[in-house]
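Hello,

Here is the structure I promised to pass on to you. Have a look at it first, and then read on for what turned up when I went through it.

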Amino acid sequence: MTALWHGFADMAEVDGAEVTIVRGEGVYVWDDTGKQYIDGAASLWHANIGHGNPEIADAVRAQMVELETFHTFGPWTNARATELADRIAGLAPLPDSKVLLTSGGGESIETAVKLARLFHAIKGEPERHHIVSRSNAYHGTHGIGTSILGMPYREGFGPLLADTSQVEWDSAVALEEEIQRVGPDRVAAFVFEPVIGAGGVHVPPPGYLDEAVAVCRRHGVLVVADCVIAGFGRLGGWLGVERFHLHPDLITFAKGVTSGYLPLGGVIVAPEVAAPFWDEPGQMFAHGATYSGHATCCAAALANLDVLARDDLVHRAMELEADFHATLSELTSHPLMGEVRGGLGLMAGVALDLGAIDDDPSLPGRFTSAARDAGVATRGLRDGLAIAPPLIIELEQVAEIRDRLAAALDTL
Ligand SMILES: Cc1ncc(COP(=O)(O)O)c(C=O)c1O
(Lines give C-alpha, C1' and ligand atoms only; values in the text may rest on other atoms or scores of the structure.)
Protein backbone atom coordinates (compact mmCIF):
# COMPACT_ATOMS: atom_id res chain seq x y z
CA MET A 1 0.00 0.00 0.00
CA THR A 2 1.21 3.47 -0.82
CA ALA A 3 0.13 7.06 -0.22
CA LEU A 4 2.03 8.24 -3.32
CA TRP A 5 -0.40 9.07 -6.11
CA HIS A 6 1.58 8.46 -9.30
CA GLY A 7 1.26 10.53 -12.47
CA PHE A 8 -0.71 9.06 -15.39
CA ALA A 9 -1.41 5.91 -13.36
CA ASP A 10 -4.39 3.72 -12.59
CA MET A 11 -3.71 3.63 -8.84
CA ALA A 12 -6.04 0.68 -8.32
CA GLU A 13 -3.57 -1.31 -10.42
CA VAL A 14 -0.34 0.40 -9.38
CA ASP A 15 -0.92 0.26 -5.62
CA GLY A 16 1.17 -2.66 -4.40
CA ALA A 17 2.83 -3.06 -7.81
CA GLU A 18 5.13 -0.06 -7.75
CA VAL A 19 8.58 -0.27 -9.29
CA THR A 20 10.85 1.58 -6.90
CA ILE A 21 14.11 2.79 -8.40
CA VAL A 22 16.79 3.22 -5.76
CA ARG A 23 20.05 3.77 -7.63
CA GLY A 24 21.35 5.06 -10.95
CA GLU A 25 24.69 5.08 -12.70
CA GLY A 26 25.26 6.17 -16.29
CA VAL A 27 22.55 4.66 -18.49
CA TYR A 28 21.46 2.08 -15.88
CA VAL A 29 19.11 2.20 -12.91
CA TRP A 30 18.33 -0.44 -10.28
CA ASP A 31 15.14 -1.16 -8.36
CA ASP A 32 14.81 -2.15 -4.70
CA THR A 33 15.01 -5.86 -5.55
CA GLY A 34 18.38 -5.33 -7.25
CA LYS A 35 17.02 -5.70 -10.78
CA GLN A 36 18.92 -3.64 -13.35
CA TYR A 37 17.24 -1.65 -16.13
CA ILE A 38 18.75 0.21 -19.03
CA ASP A 39 17.19 3.66 -18.92
CA GLY A 40 15.53 3.60 -22.33
CA ALA A 41 13.77 6.95 -22.05
CA ALA A 42 16.24 8.89 -19.89
CA SER A 43 13.69 8.60 -17.06
CA LEU A 44 11.05 10.95 -18.53
CA TRP A 45 13.22 12.29 -21.41
CA HIS A 46 15.40 14.26 -19.00
CA ALA A 47 18.47 12.31 -17.82
CA ASN A 48 20.58 13.64 -20.70
CA ILE A 49 24.00 13.31 -19.03
CA GLY A 50 23.01 10.04 -17.37
CA HIS A 51 22.59 9.13 -13.72
CA GLY A 52 24.85 9.54 -10.72
CA ASN A 53 27.14 12.29 -11.98
CA PRO A 54 29.10 13.51 -8.93
CA GLU A 55 29.96 16.87 -10.56
CA ILE A 56 26.34 17.97 -10.34
CA ALA A 57 26.10 16.76 -6.74
CA ASP A 58 29.22 18.75 -5.85
CA ALA A 59 27.90 21.93 -7.49
CA VAL A 60 24.57 21.53 -5.69
CA ARG A 61 26.24 21.03 -2.33
CA ALA A 62 28.55 24.01 -2.80
CA GLN A 63 25.60 26.23 -3.67
CA MET A 64 23.46 24.96 -0.80
CA VAL A 65 26.05 25.78 1.82
CA GLU A 66 26.67 29.23 0.36
CA LEU A 67 23.08 30.25 -0.32
CA GLU A 68 20.29 27.74 -0.88
CA THR A 69 18.33 30.37 -2.78
CA PHE A 70 16.95 33.85 -2.80
CA HIS A 71 13.99 34.95 -4.89
CA THR A 72 14.01 36.87 -8.17
CA PHE A 73 10.93 39.14 -7.87
CA GLY A 74 11.25 42.89 -8.26
CA PRO A 75 14.88 44.01 -8.09
CA TRP A 76 16.09 40.89 -6.27
CA THR A 77 18.08 38.06 -7.77
CA ASN A 78 20.76 35.56 -6.88
CA ALA A 79 24.06 35.13 -8.67
CA ARG A 80 23.30 31.68 -10.12
CA ALA A 81 19.94 32.74 -11.62
CA THR A 82 21.53 35.70 -13.37
CA GLU A 83 24.46 33.60 -14.56
CA LEU A 84 22.20 30.87 -15.91
CA ALA A 85 19.88 33.28 -17.73
CA ASP A 86 22.84 34.97 -19.40
CA ARG A 87 24.33 31.64 -20.36
CA ILE A 88 21.12 30.26 -21.86
CA ALA A 89 20.45 33.50 -23.73
CA GLY A 90 23.90 33.03 -25.29
CA LEU A 91 23.12 29.45 -26.34
CA ALA A 92 19.82 30.31 -28.04
CA PRO A 93 19.66 31.08 -31.76
CA LEU A 94 18.03 34.38 -30.75
CA PRO A 95 20.70 37.05 -30.21
CA ASP A 96 19.97 39.45 -27.34
CA SER A 97 17.15 37.30 -26.03
CA LYS A 98 15.85 37.40 -22.44
CA VAL A 99 15.19 34.40 -20.22
CA LEU A 100 12.42 33.71 -17.69
CA LEU A 101 13.16 30.83 -15.33
CA THR A 102 10.56 28.36 -14.04
CA SER A 103 10.42 25.02 -12.24
CA GLY A 104 9.63 22.81 -15.23
CA GLY A 105 8.10 22.36 -18.64
CA GLY A 106 4.43 22.86 -17.82
CA GLU A 107 5.16 26.09 -15.97
CA SER A 108 7.21 27.25 -18.94
CA ILE A 109 4.25 26.72 -21.26
CA GLU A 110 2.03 28.74 -18.90
CA THR A 111 4.60 31.50 -18.89
CA ALA A 112 5.12 31.56 -22.67
CA VAL A 113 1.42 31.60 -23.56
CA LYS A 114 0.54 34.28 -21.00
CA LEU A 115 3.44 36.38 -22.22
CA ALA A 116 2.41 35.96 -25.87
CA ARG A 117 -1.11 37.14 -25.07
CA LEU A 118 0.09 40.07 -22.98
CA PHE A 119 2.56 41.10 -25.67
CA HIS A 120 -0.27 41.50 -28.18
CA ALA A 121 -2.46 43.27 -25.63
CA ILE A 122 0.14 45.92 -24.87
CA LYS A 123 0.87 46.29 -28.59
CA GLY A 124 -2.76 47.32 -28.99
CA GLU A 125 -4.24 43.99 -30.13
CA PRO A 126 -6.08 42.68 -27.05
CA GLU A 127 -8.29 40.51 -29.27
CA ARG A 128 -5.31 38.33 -30.18
CA HIS A 129 -5.61 35.57 -27.63
CA HIS A 130 -6.35 32.40 -29.60
CA ILE A 131 -3.65 29.71 -29.33
CA VAL A 132 -3.18 27.09 -32.05
CA SER A 133 -1.35 23.85 -31.33
CA ARG A 134 -1.15 20.47 -33.09
CA SER A 135 -2.61 17.00 -32.99
CA ASN A 136 -0.37 14.60 -31.01
CA ALA A 137 1.09 17.57 -29.11
CA TYR A 138 2.08 17.27 -25.45
CA HIS A 139 2.71 20.47 -23.53
CA GLY A 140 2.43 19.28 -19.94
CA THR A 141 -0.57 19.15 -17.64
CA HIS A 142 -0.84 22.64 -16.16
CA GLY A 143 -3.94 24.66 -17.05
CA ILE A 144 -2.77 26.07 -20.34
CA GLY A 145 -0.79 22.97 -21.30
CA THR A 146 -3.88 20.84 -20.76
CA SER A 147 -5.91 23.28 -22.85
CA ILE A 148 -3.61 22.97 -25.85
CA LEU A 149 -2.91 19.24 -25.71
CA GLY A 150 -3.29 17.31 -28.92
CA MET A 151 -3.75 14.12 -26.92
CA PRO A 152 -6.91 12.83 -25.23
CA TYR A 153 -6.18 14.03 -21.69
CA ARG A 154 -8.67 16.90 -21.43
CA GLU A 155 -11.89 15.12 -20.62
CA GLY A 156 -13.59 15.61 -17.29
CA PHE A 157 -11.86 18.82 -16.22
CA GLY A 158 -14.68 21.10 -17.30
CA PRO A 159 -14.04 24.26 -19.28
CA LEU A 160 -10.35 24.92 -19.78
CA LEU A 161 -8.70 27.91 -21.44
CA ALA A 162 -11.05 29.49 -23.96
CA ASP A 163 -9.86 30.18 -27.50
CA THR A 164 -7.58 27.31 -28.33
CA SER A 165 -7.63 24.83 -31.20
CA GLN A 166 -5.53 22.04 -32.68
CA VAL A 167 -4.58 21.44 -36.29
CA GLU A 168 -3.15 18.39 -38.04
CA TRP A 169 0.45 18.09 -36.83
CA ASP A 170 1.99 17.83 -40.31
CA SER A 171 0.03 20.34 -42.42
CA ALA A 172 0.98 24.01 -42.76
CA VAL A 173 -2.12 24.37 -44.98
CA ALA A 174 -4.27 23.25 -42.06
CA LEU A 175 -2.54 25.82 -39.85
CA GLU A 176 -3.23 28.63 -42.33
CA GLU A 177 -6.85 27.54 -42.74
CA GLU A 178 -7.34 27.53 -38.98
CA ILE A 179 -5.84 30.99 -38.62
CA GLN A 180 -8.18 32.21 -41.38
CA ARG A 181 -11.16 30.51 -39.71
CA VAL A 182 -10.45 32.09 -36.32
CA GLY A 183 -9.52 35.42 -37.88
CA PRO A 184 -5.85 36.32 -38.37
CA ASP A 185 -6.11 39.28 -35.98
CA ARG A 186 -7.40 37.03 -33.19
CA VAL A 187 -4.57 34.49 -33.10
CA ALA A 188 -1.82 35.13 -30.53
CA ALA A 189 0.52 32.20 -30.97
CA PHE A 190 1.26 28.85 -32.54
CA VAL A 191 2.83 26.33 -30.13
CA PHE A 192 4.70 23.30 -31.46
CA GLU A 193 7.34 20.74 -30.56
CA PRO A 194 10.15 20.57 -33.17
CA VAL A 195 9.89 16.77 -33.00
CA ILE A 196 6.74 15.59 -31.22
CA GLY A 197 7.79 13.52 -28.21
CA ALA A 198 5.25 12.05 -25.82
CA GLY A 199 2.59 12.15 -28.55
CA GLY A 200 4.39 9.41 -30.43
CA VAL A 201 7.80 10.68 -31.71
CA HIS A 202 6.81 12.33 -34.98
CA VAL A 203 9.52 14.03 -37.04
CA PRO A 204 8.04 16.88 -39.11
CA PRO A 205 7.82 16.30 -42.85
CA PRO A 206 10.54 18.10 -44.84
CA GLY A 207 9.75 21.80 -45.14
CA TYR A 208 6.78 21.69 -42.75
CA LEU A 209 8.29 23.80 -39.98
CA ASP A 210 9.56 26.48 -42.41
CA GLU A 211 6.12 26.70 -43.96
CA ALA A 212 4.37 26.82 -40.59
CA VAL A 213 6.65 29.62 -39.41
CA ALA A 214 6.06 31.50 -42.69
CA VAL A 215 2.29 31.19 -42.16
CA CYS A 216 2.67 32.64 -38.66
CA ARG A 217 4.86 35.47 -39.89
CA ARG A 218 2.29 36.38 -42.58
CA HIS A 219 -0.39 36.79 -39.93
CA GLY A 220 1.54 38.31 -37.02
CA VAL A 221 1.18 35.11 -34.97
CA LEU A 222 3.96 34.50 -32.44
CA VAL A 223 5.94 31.29 -32.93
CA VAL A 224 6.43 29.32 -29.69
CA ALA A 225 8.79 26.34 -29.96
CA ASP A 226 8.30 23.91 -27.08
CA CYS A 227 11.80 22.51 -26.75
CA VAL A 228 11.25 20.85 -23.38
CA ILE A 229 12.31 17.50 -24.88
CA ALA A 230 14.18 18.76 -27.95
CA GLY A 231 16.68 20.88 -26.02
CA PHE A 232 20.06 20.29 -24.42
CA GLY A 233 21.30 17.68 -26.82
CA ARG A 234 18.28 15.48 -27.50
CA LEU A 235 18.27 16.63 -31.16
CA GLY A 236 22.00 17.31 -31.29
CA GLY A 237 21.96 21.04 -30.49
CA TRP A 238 21.50 23.37 -27.54
CA LEU A 239 17.80 24.06 -28.01
CA GLY A 240 16.85 21.64 -30.78
CA VAL A 241 15.52 24.30 -33.16
CA GLU A 242 18.99 24.67 -34.70
CA ARG A 243 18.41 21.40 -36.60
CA PHE A 244 15.66 23.20 -38.51
CA HIS A 245 17.33 26.65 -38.70
CA LEU A 246 14.35 28.11 -36.85
CA HIS A 247 14.26 31.43 -35.00
CA PRO A 248 11.08 31.27 -32.91
CA ASP A 249 9.78 34.21 -30.88
CA LEU A 250 9.64 32.15 -27.70
CA ILE A 251 11.38 28.89 -26.77
CA THR A 252 10.32 26.83 -23.77
CA PHE A 253 12.84 24.48 -22.16
CA ALA A 254 13.15 22.22 -19.07
CA LYS A 255 14.21 18.58 -18.56
CA GLY A 256 17.72 18.33 -20.11
CA VAL A 257 18.71 21.80 -18.86
CA THR A 258 19.50 20.13 -15.52
CA SER A 259 19.36 16.53 -16.81
CA GLY A 260 16.75 16.23 -14.07
CA TYR A 261 19.20 16.59 -11.18
CA LEU A 262 16.92 19.36 -9.87
CA PRO A 263 13.69 20.80 -11.29
CA LEU A 264 14.12 23.78 -13.59
CA GLY A 265 12.71 25.15 -16.82
CA GLY A 266 12.31 28.44 -18.58
CA VAL A 267 11.34 30.54 -21.56
CA ILE A 268 13.71 32.26 -23.97
CA VAL A 269 12.16 35.44 -25.36
CA ALA A 270 13.28 37.10 -28.60
CA PRO A 271 14.25 40.77 -28.26
CA GLU A 272 11.25 42.02 -30.26
CA VAL A 273 8.87 40.34 -27.82
CA ALA A 274 10.83 41.47 -24.76
CA ALA A 275 11.20 45.07 -25.99
CA PRO A 276 7.84 46.48 -24.79
CA PHE A 277 8.66 45.21 -21.29
CA TRP A 278 12.33 46.18 -21.21
CA ASP A 279 12.74 49.35 -23.25
CA GLU A 280 10.32 51.77 -21.57
CA PRO A 281 9.15 51.87 -17.95
CA GLY A 282 5.46 51.25 -17.30
CA GLN A 283 4.93 47.60 -18.23
CA MET A 284 5.12 44.63 -15.93
CA PHE A 285 4.62 40.93 -16.61
CA ALA A 286 2.61 40.11 -13.47
CA HIS A 287 3.87 36.57 -13.39
CA GLY A 288 6.47 34.52 -11.57
CA ALA A 289 6.76 31.77 -8.99
CA THR A 290 8.54 31.47 -5.67
CA TYR A 291 11.12 29.14 -7.16
CA SER A 292 11.69 30.98 -10.47
CA GLY A 293 15.47 31.13 -10.59
CA HIS A 294 16.05 28.91 -7.52
CA ALA A 295 19.78 29.28 -6.88
CA THR A 296 20.52 25.61 -6.20
CA CYS A 297 18.52 24.44 -9.23
CA CYS A 298 20.40 27.00 -11.33
CA ALA A 299 23.72 25.72 -9.94
CA ALA A 300 22.71 22.20 -11.04
CA ALA A 301 21.83 23.55 -14.49
CA LEU A 302 25.15 25.41 -14.83
CA ALA A 303 27.12 22.30 -13.86
CA ASN A 304 25.04 20.22 -16.28
CA LEU A 305 25.67 22.69 -19.12
CA ASP A 306 29.40 22.42 -18.33
CA VAL A 307 29.24 18.64 -18.72
CA LEU A 308 27.18 18.83 -21.93
CA ALA A 309 29.69 21.29 -23.41
CA ARG A 310 32.93 19.76 -22.13
CA ASP A 311 32.07 16.21 -23.19
CA ASP A 312 30.39 17.51 -26.36
CA LEU A 313 27.26 15.59 -25.38
CA VAL A 314 25.23 18.39 -26.86
CA HIS A 315 26.20 17.22 -30.36
CA ARG A 316 26.45 13.51 -29.65
CA ALA A 317 22.88 12.72 -30.73
CA MET A 318 23.76 13.90 -34.21
CA GLU A 319 26.72 11.51 -34.35
CA LEU A 320 24.72 8.54 -33.09
CA GLU A 321 21.33 9.15 -34.66
CA ALA A 322 21.81 7.13 -37.87
CA ASP A 323 23.16 4.03 -36.09
CA PHE A 324 20.66 4.45 -33.24
CA HIS A 325 17.77 4.50 -35.68
CA ALA A 326 19.14 1.66 -37.82
CA THR A 327 19.70 -0.55 -34.77
CA LEU A 328 16.21 -0.05 -33.36
CA SER A 329 14.69 -0.43 -36.85
CA GLU A 330 15.94 -4.04 -36.91
CA LEU A 331 13.02 -4.75 -34.58
CA THR A 332 10.61 -4.22 -37.48
CA SER A 333 11.34 -7.76 -38.68
CA HIS A 334 9.32 -9.03 -35.71
CA PRO A 335 5.76 -10.03 -36.72
CA LEU A 336 4.17 -7.87 -33.99
CA MET A 337 6.07 -4.75 -35.03
CA GLY A 338 4.95 -1.84 -37.13
CA GLU A 339 7.37 1.02 -37.68
CA VAL A 340 10.21 2.68 -35.78
CA ARG A 341 9.59 6.43 -36.00
CA GLY A 342 12.28 9.03 -35.58
CA GLY A 343 15.66 9.29 -37.24
CA LEU A 344 16.48 12.72 -35.87
CA GLY A 345 18.36 12.92 -32.60
CA LEU A 346 18.25 10.28 -29.91
CA MET A 347 14.51 9.70 -29.84
CA ALA A 348 12.47 6.91 -31.37
CA GLY A 349 8.90 5.67 -31.31
CA VAL A 350 8.91 1.88 -31.40
CA ALA A 351 5.42 1.22 -32.75
CA LEU A 352 3.54 -2.06 -32.92
CA ASP A 353 1.60 -3.30 -35.92
CA LEU A 354 -1.73 -1.45 -36.08
CA GLY A 355 -3.62 -4.61 -37.03
CA ALA A 356 -2.21 -6.39 -33.99
CA ILE A 357 -3.33 -3.47 -31.79
CA ASP A 358 -6.81 -3.60 -33.36
CA ASP A 359 -6.99 -7.30 -32.49
CA ASP A 360 -5.75 -6.66 -28.94
CA PRO A 361 -5.90 -3.03 -27.70
CA SER A 362 -4.01 -4.02 -24.52
CA LEU A 363 -0.91 -4.81 -26.60
CA PRO A 364 0.94 -1.44 -26.29
CA GLY A 365 0.56 -1.45 -22.48
CA ARG A 366 1.67 -5.05 -22.29
CA PHE A 367 4.67 -4.24 -24.54
CA THR A 368 5.84 -1.54 -22.10
CA SER A 369 5.42 -3.94 -19.16
CA ALA A 370 7.22 -6.73 -21.02
CA ALA A 371 10.04 -4.31 -21.85
CA ARG A 372 10.33 -3.52 -18.15
CA ASP A 373 10.46 -7.22 -17.30
CA ALA A 374 13.16 -7.60 -19.95
CA GLY A 375 15.16 -4.79 -18.33
CA VAL A 376 14.25 -1.67 -20.34
CA ALA A 377 12.75 1.23 -18.36
CA THR A 378 10.65 3.27 -20.74
CA ARG A 379 7.44 5.24 -21.34
CA GLY A 380 4.57 3.79 -23.26
CA LEU A 381 3.15 5.47 -26.34
CA ARG A 382 -0.35 5.03 -27.71
CA ASP A 383 0.94 2.43 -30.19
CA GLY A 384 4.19 1.25 -28.60
CA LEU A 385 6.94 2.79 -26.54
CA ALA A 386 9.49 5.59 -26.59
CA ILE A 387 13.24 5.13 -26.66
CA ALA A 388 15.24 8.26 -25.84
CA PRO A 389 18.21 7.21 -23.72
CA PRO A 390 20.80 9.34 -21.92
CA LEU A 391 23.12 11.00 -24.44
CA ILE A 392 26.13 9.17 -22.98
CA ILE A 393 24.83 5.87 -24.35
CA GLU A 394 27.20 3.71 -26.41
CA LEU A 395 26.11 1.86 -29.54
CA GLU A 396 26.57 -1.51 -27.78
CA GLN A 397 24.01 -0.35 -25.24
CA VAL A 398 21.60 0.65 -28.01
CA ALA A 399 22.00 -2.92 -29.27
CA GLU A 400 21.27 -4.10 -25.73
CA ILE A 401 18.00 -2.11 -25.79
CA ARG A 402 17.16 -3.68 -29.17
CA ASP A 403 17.85 -7.20 -27.87
CA ARG A 404 15.88 -6.68 -24.66
CA LEU A 405 12.94 -5.26 -26.65
CA ALA A 406 13.12 -8.22 -29.05
CA ALA A 407 12.90 -10.54 -26.04
CA ALA A 408 9.92 -8.53 -24.77
CA LEU A 409 8.18 -8.84 -28.15
CA ASP A 410 8.76 -12.60 -28.06
CA THR A 411 7.03 -12.89 -24.70
CA LEU A 412 3.96 -11.18 -26.21
C1 LIG B 1 7.14 19.02 -25.07
C2 LIG B 1 6.79 19.08 -23.61
N3 LIG B 1 6.35 20.22 -23.11
C4 LIG B 1 6.03 20.35 -21.80
C5 LIG B 1 6.17 19.29 -20.95
C6 LIG B 1 5.81 19.43 -19.50
O7 LIG B 1 6.95 19.43 -18.73
P8 LIG B 1 6.85 19.10 -17.16
O9 LIG B 1 6.47 17.67 -17.06
O10 LIG B 1 8.22 19.43 -16.65
O11 LIG B 1 5.79 20.02 -16.60
C12 LIG B 1 6.64 18.07 -21.44
C13 LIG B 1 6.80 16.90 -20.54
O14 LIG B 1 7.04 15.80 -20.96
C15 LIG B 1 6.96 17.95 -22.80
O16 LIG B 1 7.37 16.80 -23.33
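**The ligand and its surroundings**

A backbone N or O atom of Gly 106 lies 2.7 Å from an oxygen atom of the ligand. Before I go further, please keep in mind that this is a predicted model. Gly 105 also takes part through its backbone, where a polar atom is 2.8 Å from an oxygen atom of the ligand. Asp 226 uses its side chain instead: an N or O atom there is 2.7 Å from a nitrogen atom of the ligand. On its own the ligand has 390 Å² of accessible area, and the protein covers 81% of that.

The residues around the ligand include the run Gly 104, Gly 105 and Gly 106, and also Tyr 138, His 139 and Gly 140. Further along the chain, Glu 193, Asp 226, Val 228, Ile 229 and Lys 255 belong to the surroundings of the ligand as well. By character, this shell divides into three nonpolar, five polar and three charged residues.

**How the chain is divided**

The protein chain has two parts in the domain assignment: domain 1 covers 11-52 + 315-411, and domain 2 covers 56-310. Taken over C-alpha atoms, the centres of domain 1 and domain 2 are separated by 27 Å. Domain 1 gives 27 residues to the contact, and domain 2 gives 29 residues.

**Two serines in loops**

Ser 135 sits in the loop that runs from strand E5 (130-134) to helix H6 (143-147). Is Ser 135 buried or exposed? Its relative accessibility is 16%, so Ser 135 counts as buried, the cut-off being under 20%. A polar atom of the Ser 135 side chain lies 2.9 Å from the backbone nitrogen of Trp 169. Leaving aside neighbours within four places in sequence, Ser 135 is in contact with Gln 166, Val 167, Glu 168 and Trp 169, and also with Gly 150 and Ile 196.

Ser 97 is found in the loop between H4 and E4. With a relative accessible area of 7%, Ser 97 is buried. The side chain of Ser 97 reaches the backbone oxygen of Leu 94 at 2.9 Å. Beyond its neighbours within four places in sequence, Ser 97 has contacts with Ala 89 and Ala 92, and with Ile 268, Val 269, Ala 270 and Pro 271.

**Positive phi angles**

Most residues other than glycine have a negative phi. Asp 96 is not a glycine, yet its phi is positive, at about 65°. Asp 96 is placed in the loop between helix H4 (79-91) and strand E4 (98-102). What is the exposure of Asp 96? Its relative accessible area is 65%, and Asp 96 is therefore exposed, as the cut-off is over 50%.

Phe 8 is not a glycine either, and has a positive phi of about 45°. Phe 8 comes in the segment before helix H1 (11-14). Its relative accessible area is 46%, which makes Phe 8 partly exposed.

**Helix H13 and the residues it meets**

Thr 368 and Ser 369 are worth looking at together. Ser 369 lies in helix H13, residues 363-373, and Thr 368 is found in helix H13 too. Thr 368 is buried, with a relative accessible area of 16%, whereas Ser 369 is partly exposed at 29%. Leaving aside neighbours within four places in sequence, Thr 368 is in contact with Thr 378, Arg 379, Gly 380, Gly 384 and Leu 385.

Some distances help to place these two residues. Ser 369 and Ala 408 are 39 residues apart in sequence, and their C-alpha atoms are 8.5 Å apart in space. Thr 368 and Met 64 are 304 residues apart along the chain, with 38 Å between their C-alpha atoms.

**Leu 336**

My last stop is Leu 336, in the loop between helix H11 (313-329) and strand E11 (337-342). Not counting residues up to four places away in sequence, Leu 336 touches the leucines Leu 352, Leu 363, Leu 409 and Leu 412, together with Asp 353 and Ala 356. The C-alpha atoms of Leu 336 and Asp 410 are 8.9 Å apart, with the two positions 74 residues apart along the chain.

Happy browsing, and best wishes!

Conventions. Residues numbered from 1 in each chain as written. Predicted model: local features only at pLDDT ≥ 70, side-chain atom pairs only at ≥ 80, totals over all residues. Heavy atoms only, no water. Helix = DSSP H or I, 4+ residues; strand = E, 2+ residues; numbered from the N terminus. Buried < 20%, exposed > 50% of the residue type's maximum accessible area, 1.4 Å probe, protein only. Polar contact = N/O pair within 3.5 Å; in protein donor to acceptor, adjacent residues only side chain to side chain. Contact = heavy atoms within 4.5 Å. Near = heavy atom within 4 Å. Areas by Shrake-Rupley, 256 points an atom, 1.4 Å probe, with all protein chains shown as cover. Nonpolar A, V, L, I, M, F, W, Y, C, P; charged D, E, K, R; others polar. Domains from an automatic or database assignment.
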